[in-house]
Amino acid sequence: MSIADRDRAVLWHPYTQMRTAPAPLPIVRAEGVWLYTEDGRKILDGISSWWVNIHGHSHPKLNAALAAQAGELEHVVFAGCTHRPAVELAERLIEVLPKGLARVFYSDNGSTAVEVALKMAVQYWCNLGQPNRRTFITLHNAYHGDTVGAMSASEDSVFTRAFSTLLFPVERVSGLEDMEQRLRDAGDSVAAVLIEPMLQGAGGMIVWPAEFVAGVRRLCDTYQTLLIADEVLTGFGRTGKMFACEHAAITPDIICLSKALTAGYLPLGVTATTEAIYEAFLSEERSKTFFHGHSYTANPLACAVALASLDLFRDEPVLASVARLERQLRDGFERLRGLGDVRVIGGIAAVELVSDKPGYLDQIGPRLAAAFLERGLLLRPLGNVAYFMPPYCITESETAWALDQIVHVLG
Ligand SMILES: Cc1ncc(COP(=O)(O)O)c(C=O)c1O
């Protein structure tokens, strides 16, 4: 029996209507931007394996770092114990993060990085004697993950609808004016403003100007609330800068990282914050402790690969590759202007196709995915928004080939 047949008998896939979805692709090997299937096909990974892969699959240096760490220490409880990979990764992250972020809290994935940020913000105010500050201001079209807090902060959508009774209310705004109005009206009940800086990903690859991000920082300062930047998708070069906040030259009070943190190898989340926020949790009273953690917090294998990925950023022209990719994507997607709104930032290009029924459930998405796959390209359009987000190591000729497939299918 093939892997796909055995899968059918025992598995339940994420975001997948198991009755109608096509059989999953059985991937047996991957290298660089290429995925190899059980039945001998070679497919270009045009979505960086859910936006996580940056240096390519099965990278020799990342493989070596992982193997070396496995031989030394695979895992240990992170309450009461520590280890070199966790410490070194925190040190290295603080070096590259926007200035002022000085404390690293580990968790497991993007959603937990956001959950930690939400809880950190609420308890920060509690510890300061302002327990009334518990509301979050978020953006329409936001997506922050699938756990209950992250869903609450996300736009109401088909992803969250069945759970609406479980979610806590947030204030959703659509721009700076709106945000300022809410801050003016409800300022002293706001725990934090939460944004995906520069790019809202799952909400439809919506690009925001740097001035907006700078404006949010200004408003948070004026109304003395916290700014949380969810850089789960945008972190580690995806928008052309190491972190998207750099486009606006701002430092958030809390930043959430995951996905490309380990270059797509292992799940790891980071919620980094300022010394001031950290200090609000220091007390002789144990009740002020941040009571949050996960079994695999600061997993040494994940930290070791993350460190090896940062080495690649330091030793190789990784951001220059993203800049080159961006230029090529701009030229390539120019050819799609007639089909809808084209948006390019860093290593991501998207076209929002004109549709009668725009949104995630637009049937055009799965039809396009099947057509791309037939031509050897793995893409997962978000409804009527088709996007291309390959690993940064993609070559010029591979990019040109992928762009030709995209233009052909969409045309
Ligand atoms: C901006 C953003 N935040 C959070 C998440 C959730 O991350 P994870 O899927 O690792 O839980 C995602 C995932 O796509 C994301 O794009």
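These legends describe three close-up views of a predicted model.

**View 1. Helix α3 against helix α10.** Helix α3 spans residues 60–72, and helix α10 spans residues 300–315. Their axes come within 9 Å and cross at roughly 145°. The crossing of α3 past α10 is right-handed. On the α3 side, K61, L62, A65, L66, Q69 and A70 make the contact. On the α10 side, P300, L301, A304, V305, L307, A308, S309 and L312 take part. By class, this α3–α10 contact holds 11 nonpolar residues, two polar and one charged.

**View 2. Helix α4 against helix α10.** Helix α4 covers residues 84–96 and packs on α10 at an angle of about 35°. The two axes lie 8 Å apart. Here α4 and α10 cross in a left-handed sense. From α4, the contact uses P85, A86, E88, L89 and R92. From α10, P300, C303, A304, A306, L307 and L310 contribute. Nine residues of the α4–α10 contact are nonpolar, none is polar and two are charged. P300, A304 and L307 of α10 appear in this contact and also in the contact with α3.

**View 3. The shell around the ligand.** The ligand has 14 residues around it. Of these, N109, G110, S111, G145 and V232 come nearest. Helix α5, residues 110–127, supplies the largest share of the shell, with three residues. Seven residues of the shell are polar, five are nonpolar and two are charged.

Definitions and conventions: Residues are numbered from 1 along each chain as its sequence is written. This is a predicted model: local features need pLDDT of at least 70, side-chain atom pairs count only at pLDDT 80 or more; totals for chains, interfaces and linings use all residues. Axes are lines fitted to C-alpha atoms, for helices over the stretch in contact, and angles run from 0 to 180 degrees between N-to-C directions. Helices (H or I, at least four residues) and strands (E, at least two) are DSSP runs, numbered from the N terminus. A crossing is left-handed if the near helix is turned anticlockwise from the far one by less than a right angle, and right-handed if clockwise. Two residues are in contact if their C-beta atoms, placed from the backbone, lie within 7 Å. Ala, Val, Leu, Ile, Met, Phe, Trp, Tyr, Cys and Pro count as nonpolar, Asp, Glu, Lys and Arg as charged, and the others, Gly among them, as polar. A residue is near a molecule or strand if its C-beta atom, placed from the backbone, lies within 6 Å of it.
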